[in-house]
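Please keep the sequence and the model open side by side while reading. The paragraphs that follow move from one part of the chain to another, and each is best read with the residues in view.

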Amino acid sequence: MRKDYNLEKRKYVICGFIIAIAVIYIIRLYSLQIDNDKYKEYADSNAFLKKTIYPSRGLIYDRNGELIVYNQPAYDIMIIPRDVQDFDTIDFCRTLEIQPNELKKRFRDMKNRSINPGYSSYTPQRLISHLSVEDYGKLQEKLYRYPGFFIQKRILREYNHHAAANVLGNIREVNSTDIKNNDYYQPGDYCGDLGVEKSYEKYLRGKKGIEILIRDARGRIQGRYENGAKDIAPISGKDLKLSIDIELQKYAESLMSNKIGAVVAIEPSTGEILAFVSSPTYDPSLLVGRNRGKNYKELTKNKYKPLFDRALMGAYPPGSTFKPGQGLILLQENIISLGSSYPCYNGYISGGLRVGCHGHSSPIALKPALETSCNAYFCWGFKAMIDKKSKYGSSAKAFEVWKNHLVSMGFGYPLGIDLNSEGRGFIPNAKWYNSVYGENRWSANTIISVSIGQGEILATPLQIANLCATIANGGWFITPHIVKEISDTIMPEDLLKKRGTTIDSNHYNAVAEGMRMAVTGGTCKRANLKDIEVCGKTGTAQNPRGRDHSAFMGFAPYKNPKIAVCVYVENAGFGATYGVPIGSLIIEKYLTDSISNERKSMELQMLKSNTIINSGVTKH
């Protein structure tokens with residue numbers, strides 16, 4: 001009997017068709033049950049309510065154990081959208097003292113995935129945040145009237161001192177970028193924003209826990225799943241002990257009230273920052289609770305930019321505070337000796353170029369040049385180095401040597417402080433000048449202003465304070481840092497190791513002596529203390545857009561330094577007018593815990609003085 005090949009073919013076609021349908025069904029089932037979380041969420045939400053338990057955030061103390069930042073309970077109204085039934089919106093709004101239109105907007109925003117990318121009708125969503133204890137109590141009594149609603153306990157920050165806002169930072173709700181970059185976060189979570197709250201977020205936040213509750217067929221909570229056996233307990237965040245002395249911080253902030261600028265104080269032997277002031281400042285409690293957004297917006301609109309950390313990010317011409325570093329480079333490169341003298345005829349005059357100076361003896365050597373802050377001395381020394389082709393071959397090569405010494409002192413690049421967004425200042429290189437003036441078409445006189453911390457030179461107050469600490473230590477420093485201890489954790493090694501410079505240690509004492517002479521009989525006489533040997537250097541930094549900036553750096557005691565300070569006050573004139581008295585008061589306050597009677601008038605003058613008029617910045 002003949003085979004019917006057409007029938008045979010149809011059989012294969014039918015089998016193939018059946019297999020294809022089976023494969024499609026398998027793929028679809030796989031997609032629904034494994035790839036797609038929607039149905040799993042639906043099934044789980046029918047049987048369970050998984051509540052996130054937020055850990056207690058780590059506490060923050062100052063160096064002396066004074067509690068600065070702690071936690072207070074806050075409450076969010078959460079809903080599972082699919083479980084929400086018709087409810088009395090008027091009574092709900094009256095209970096929480098909000099308008100019905102605001103409630104409707106909150107529902108719309110919650111469902112808007114461009115605002116709330118993690119929205120799902122099956123999982124808990126936040127409707128209202130930061131309930132007060134009073135509102136929480138009123139709503140808790142009525143919660144049974146609102147199916148699908150529950151209250152989530154959270155943690156908010158509370159401050160014992162209304163100071164150090166730029167150091168502490170704050171916490172805010174995570175955004176889509178945070179969630180994308182770190183799978184720890186879910187919509188509605190909070191994370192550190194600015195200051196140590198941000199840079200030490202992974203230590204402070206702890207680990208979230210989960211409580212699993214059983215639902216009945218109507219969605220009502222029947223108790224804990226397996227009596228809590230599957231719950232995960234939260235782990236509290238680690239406490240921080242800062243290097244900051246909160247009383248010194250508050251005192252420095254009071255001296256900088258109604259002024260624009262910064263103060264940085266460092267313990268030279270450890271690199272620990274004792275005070276870190278950016279002025280104008282603000283009360284850190286403004287960025288807590290329901291009014292955070294409104295207050296943050298007002299701070300961003302303030303023309304004096306209180307949110308901008310000038311101590312960390314401000315880039316300023318260092319002016320004459322730069323001269324000790326110049327003296328060190330000239331000594332290291334054998335351009336000068338301690339006996340070398342240069343003339344000063346009320347300034348530096350060379351090839352038709354003049355840089356002004358003030359009256360003092362001439363010719364002058366290094367130590368008295370530091371004492372009197374002689375511009376001419378450091379201009380002549382810089383010219384002798386940069387134009388010395390017999391040693392370096394060209395001005396460009398000499399300048400690179402000069403620049404590299406400065407980089408080793410901590411200029412031109414971030415120092416690596418344990419805060420985010422540190423500024424780098426600016427130290428140009430030979431390539432930069434070649435691009436401006438042409439290769440081999442510039443000399444020392446072309447860029448002479450950099451020798452006295454002007455021109456293209458920019459530094460942060462942190463970098464200037466670090467130079468002062470390096471001189472106090474005799475040629476080394478430890479990376480300045482804000483955190484002294486993390487509970488049950490070893491501090492990162494990079495923050496604790498000594499860092500040397502390219503300058504031989506034997507040169508530093510001469511520069512320190514010159515800075516001591518500046519206090520006993522030179523430009524820093526207002527820093528002289530009766531029983532404490534202070535070393536200092538003024539800076540009057542020219543400002544093309546207004547009045548000169550007033551700067552000072554100093555350390556004390558001379559033989560056993562405990563504190564190094566930089567003060568920078570924008571548009572305040574001579575360094576001796578504001579920088580020196582503020583810096584010396586901070587030194588005295590830290591070392592003696594008081595201000596002597598003979599200096600009370602100076603203190604009062606600094607507390608009351610105002611270098612910005614109609615600032616609109618609230619005093620703290």
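In which loop is P280 found? In this predicted model, P280 is found in the loop between strand β12 and helix α11, the latter made up of residues 292-301. The peptide bond that joins S279 to P280 is cis, with an omega of about 0°, and S279 is also the residue in β12 that serves as the bridge partner of G261. A second cis peptide bond leads from S362 to P363, again with omega near 0°, and P363 has its place in the loop between β14 (353-356) and α14 (366-372).

From S279 it is natural to turn to the strand itself. Strand β12 covers residues 272-279, and because eight of its eight residues are buried, the strand is largely enclosed by the rest of the structure. Its antiparallel neighbour is strand β11, residues 261-267, and seven bridges join the two. The hairpin that they form has four residues between the strands, and in this hairpin G271 takes a positive phi near 75°.

These two strands belong to an open sheet of five strands, which are arranged in the order β12-β11-β20-β19-β18 with antiparallel pairing. The edges are formed by β12 and by β18 (535-541), each of which pairs on one side only. Direction ignored, neighbouring strands of this sheet are turned by 5° against each other on average. Strands of a sheet pair through backbone hydrogen bonds, in either a parallel or an antiparallel manner. Further along the sheet, strand β19 (residues 549-556) and strand β20 (residues 563-569) are paired in the antiparallel sense over seven bridges, and here G554 stands opposite V565 in β20.

Which helix packs on the sheet and touches β11, β12, β19 and β20? This is helix α19, residues 461-473, whose direction makes about 150° with that of β20. Helix α10, residues 246-255, lies across β11, β12 and β20, and runs at about 30° to β12. The edge strand β12 is thus touched by α19 and also has α10 lying across it.

Away from this sheet, helix α4 shows how buried and exposed residues can be distributed around a helix. The helix comprises twelve residues, 100-111, and reaches 17 Å from its first C-alpha to its last, close to the 16 Å expected at 1.5 Å a residue. Which residues of α4 are buried? They are L103, F107 and M110, and because they fall within an arc of 65° when seen down the helix axis, they line one face of the helix. An α-helix has 3.6 residues a turn, so residues three or four places apart point the same way. The buried residues of α4 pack against β3 (67-79), α3 (89-96), β4 (125-131) and β5 (149-159), whereas the face turned away from the buried side carries the exposed residues N101, K104 and R108.

Helix α13, residues 323-332, offers another case, for it is mostly covered, with ten of its ten residues buried. Among them are K323 and Q332, as well as P324, G325 and L328. Two packed helices are described by the angle between their axes and the distance between the axes. The axes of α13 and of helix α15 (residues 375-386) come within 10 Å and cross at roughly 40°, and the crossing is left-handed. At this crossing K323, Q326, G327, I329 and L330 in α13 meet N375, F378, G381, F382 and M385 in α15. After α13 comes N334, whose phi is positive, near 55°.

Two further residues with positive phi lie in loops. K305, in the loop between α11 and α12 (310-313), has a phi near 50°, a positive value in a residue other than glycine. D593, although it is not a glycine, has a positive phi of about 65°, and lies in the loop between α21 (579-592) and α22 (600-608). Are these two residues buried or exposed? Since a residue counts as exposed when its relative accessible area is over 50%, K305 is exposed at 53%, and D593 is likewise exposed, at 60% relative accessibility.

Notes:
Residues are numbered from 1 along each chain as its sequence is written. This is a predicted model: local features need pLDDT of at least 70, side-chain atom pairs count only at pLDDT 80 or more; totals for chains, interfaces and linings use all residues. Side-chain values use heavy atoms; hydrogens and water are left out. Buried means under 20% relative accessible area, exposed over 50%, partly exposed in between (1.4 Å probe, protein chains only). Two strands pair if DSSP finds at least two bridges between them. The expected span of a helix is 1.5 Å times one less than its number of residues. The arc is that of the directions from the helix axis to the C-beta atoms. Contact means heavy atoms within 4.5 Å. Axes are lines fitted to C-alpha atoms, for helices over the stretch in contact, and angles run from 0 to 180 degrees between N-to-C directions. A crossing is left-handed if the near helix is turned anticlockwise from the far one by less than a right angle, and right-handed if clockwise.
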